[in-house]
Structures are given as structure tokens and as C-alpha cells.
Amino acid sequence: MSVEELKETVAKLHDRIQQLEKKIGIVPTGAGPDFAKQLRLVLIGAPGSGKGTQSTDLKDKFCACHLATGDMLRSQVKQGTPLGLEAKKIMDQGGLVNDEIMINMIKSELESNKDCKKGFILDGFPRTIPQAEKLDSMLQERKTPLENAIELKIDDELLVDRITGRLVHPASGRSYHKIFSPPKKEMTDDITGEPLIQRSDDNEAALKKRLVTYHAQTEPIVEYYKKTGIWSGIDASQKPAKVWGDILKCLGQ
């Protein structure tokens, strides 16, 4: 039996189980009618690997919510909350925010954000094995376990050029690049006409510090997800369209 045939068989079995559960009145907690078809995905990759760009495309295609932990934290920073002030200090130093805060923030989004009913894409979390374990525990309790963990792989040398020229539209998360993908009008979002920003931690010194942290703490979660059987790796140095196609293949599209 080929890999594709095996995937098809597993999908059919999954659908059959859902039909039987529905028939006898068993409906997974926190899940709707499209539970079996939900996108439940985590994207793994170094800063600048393209997680934000691909997450936006996944959100649009699957009508799922995009949970970018960085954006959630920056929202807190903008509001000037105690969490926001603490998070800004940590992010500017290239550090990591408290695990419990992040898990509770994600849980709150899954429970209150209507866009999450059809699935979710986690972008930027988990970054360590303890975080992955806590995330799995929370998702298992909700009966919405992860189905895919996709790693965007790219050499550090290529990331410096990507990061130092990156521009972001804060409200939507859309990203541009001064050289590789510039906006139509300088420092202006193509869709809304609103100003673009360059994040305070998008500089070479901060990036190198973040990469040290990434390689030391985050890469081991690849092995964690390989053991669970949901990991796939993609060459993120390719053009975004090619990366997108490879992601869809990993999702059986």
C-alpha cells in the first residue's frame, strides 16, 4: 500500500468513526459538525522563515484562525497592560514569555474566537518541549489535538537578509520586504493604505540572539513531533508559492 493510499484509508476510517459517534450521540467537547475536517496545525521555524506569510494563506484557504503569539503579545503591548509591558521588555531582548501566560492566552482564543471553530494555525508557539507538552495537554482536554506540525527549514545566513528588511502591517499581520517583496507605496500597506512598521527586534543583533535561542530550545521539538507522527519538513528557502504548494501536499491537498 502506498503512502497516499494509506492516507486515504486513515481519512475514511476517521470519517467513519465520526459518523458512528454522531449516530450514538457522542460529540467531542468544543467541536462542531466539521470537527473531523478541522485544520489543527503548528508551524515551526526560525524568525524570518515565513511562518507569518504561510499562516495568512492557510487562514484564508481553510477559514481557520491564525494564532500568532507575537501578534497577541504586541496587542497587549499596545494596550499598555502589565503583560504587555513585561512582554515588550522580553521580546526586545530576544527572550521567551512565561509558558502559562501563553497557554492561557491560546486557550482563551480557542474558546472565544469564532474563527477558531473551523480550526487553528499556531504560529510561533510552542518553542520548547515543555511548551509543546503543555499545549498538547490543553488541546487533549478540549478534544482538539494537533494534527500537523510543519517545519519551515532555512539556513541562518539567509534569515539575516530576510529579517532586517521586513516590514509589517500590525492590524492584519501582512508582511512585506524592502527588497524581496516591497509594498506598492513605500512604508504603506497595499490593502488598507495604513502605515507599515519595522519591529524593534527585527535587526541583525537581535536576530542572532534569537537564533541562538531558537537552535538551543526550539529545534528539539521537531524530534518531539516526529515521535508523535505528525511532523513534516519543508525547504523554506524556496519562493513562497513553492513553499505554499509543499505545505498543501503535507496537508493532503
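This text walks through a predicted model, from its annotated positions to its nonpolar core and some details of its backbone.

A starting point is the UniProt record, an unreviewed entry. Under "binding site" it lists Gly48, Ser49, Gly50, Lys51, Gly52, Thr53, Arg166, Ser175, Tyr176 and Gln238. Two of the listed residues, Ser49 and Gly50, can be placed in the fold. Ser49 sits in the loop that runs between strand S1 (residues 39-45) and helix H2 (residues 51-62). Gly50 belongs to the loop between S1 and H2 as well.

Ser49 has a relative accessibility of 3%, so it counts as buried. Its side chain has a polar atom 2.8 Å from the backbone oxygen of Ala46. Setting aside residues up to four places away in sequence, Ser49 touches Leu152, Ile154, Leu159, Arg162 and Ala236. For Gly50, with neighbours within four places again left out, the contacts are Leu152 and Arg162. Leu152 and Arg162 thus appear in the contacts of Ser49 and in those of Gly50.

The record, still as an unreviewed entry, also carries the annotation "domain: Adenylate kinase active site lid", which covers residues 166-201. In the model this span is 0% helix and 17% strand. The C-alpha atoms at the ends of residues 166-201 lie 11 Å apart.

Helix H2 can be followed further. Ser55 lies in H2. Its relative accessible area is 0%, and Ser55 is therefore buried. The side chain of Ser55 reaches back to the backbone oxygen of Lys51, at 2.7 Å. Beyond residues up to four places away in sequence, Ser55 touches Leu43, His66, Ile121 and Asp123. Further along the chain, the charged end of Lys61 sits over the ring of Phe62, at 5.9 Å from the ring centre.

Cys63 comes next, in the loop between H2 and strand S2 (residues 65-68). It has a positive phi of about 55° although it is not a glycine. Most residues other than glycine have a negative phi, and most peptide bonds are trans. At 46% relative accessibility, Cys63 counts as partly exposed. Lys143 is another non-glycine residue with a positive phi, here of about 65°. Lys143 lies in the loop between H6 and strand S4 (residues 148-153), and at 45% relative accessibility it counts as partly exposed.

The backbone has a further detail at Pro126. The peptide bond from Phe125 to Pro126 is cis, with omega near 5°. Pro126 is placed in the loop between strand S3 (residues 119-123) and helix H6 (residues 129-141).

The interior is the next topic. In soluble globular proteins, nonpolar side chains tend to be buried together. Here the largest nonpolar core has 56 residues. Within that core, the residues with the most contacts are Leu58, Leu67, Leu135, Ile150 and Tyr225. Leu58 gives an example of the packing: not counting residues up to four places away in sequence, it touches Leu39, Leu41, Leu43, Cys63, Ile121, Trp244, Ile247 and Leu251.

Trp244 and Ile247, both touched by Leu58, lead to helix H10 (residues 240-250). The buried residues of H10 are Val243, Trp244, Asp246, Ile247, Leu248 and Cys250. These buried residues pack against H2, S4 and strand S7 (residues 231-235). Just after H10, Gly252 takes a positive phi of about 80°.

Tyr225, named above among the core residues with the most contacts, also takes part in a ring pair. How many aromatic pairs does a search of the whole structure find? There is one. The pair is made by Tyr224 and Tyr225, whose ring centres are 5.1 Å apart; their planes stand at 80°, so the arrangement is edge-to-face. Are the two tyrosines buried or exposed? Buried means under 20% relative accessible area. Tyr224, at 18% relative accessibility, therefore counts as buried, and so does Tyr225, at 1%. The charged end of Lys226 sits over another ring, that of Trp231, 4.5 Å from its centre.

Notes
Residues numbered from 1 in each chain as written. Predicted model: local features only at pLDDT ≥ 70, side-chain atom pairs only at ≥ 80, totals over all residues. Heavy atoms only, no water. UniProt positions renumbered as here; feature names shortened; annotations may be inferred. Helix = DSSP H or I, 4+ residues; strand = E, 2+ residues; numbered from the N terminus. Buried < 20%, exposed > 50% of the residue type's maximum accessible area, 1.4 Å probe, protein only. Contact = heavy atoms within 4.5 Å. Polar contact = N/O pair within 3.5 Å; in protein donor to acceptor, adjacent residues only side chain to side chain. Phe/Tyr/Trp six-rings, centres within 6.5 Å; stacked < 30°, edge-to-face > 60°. Lys NZ or Arg CZ within 6 Å of the ring centre and 35° of its normal. Core = buried A, V, L, I, M, F, W, Y, C linked by side-chain atoms within 4.5 Å.
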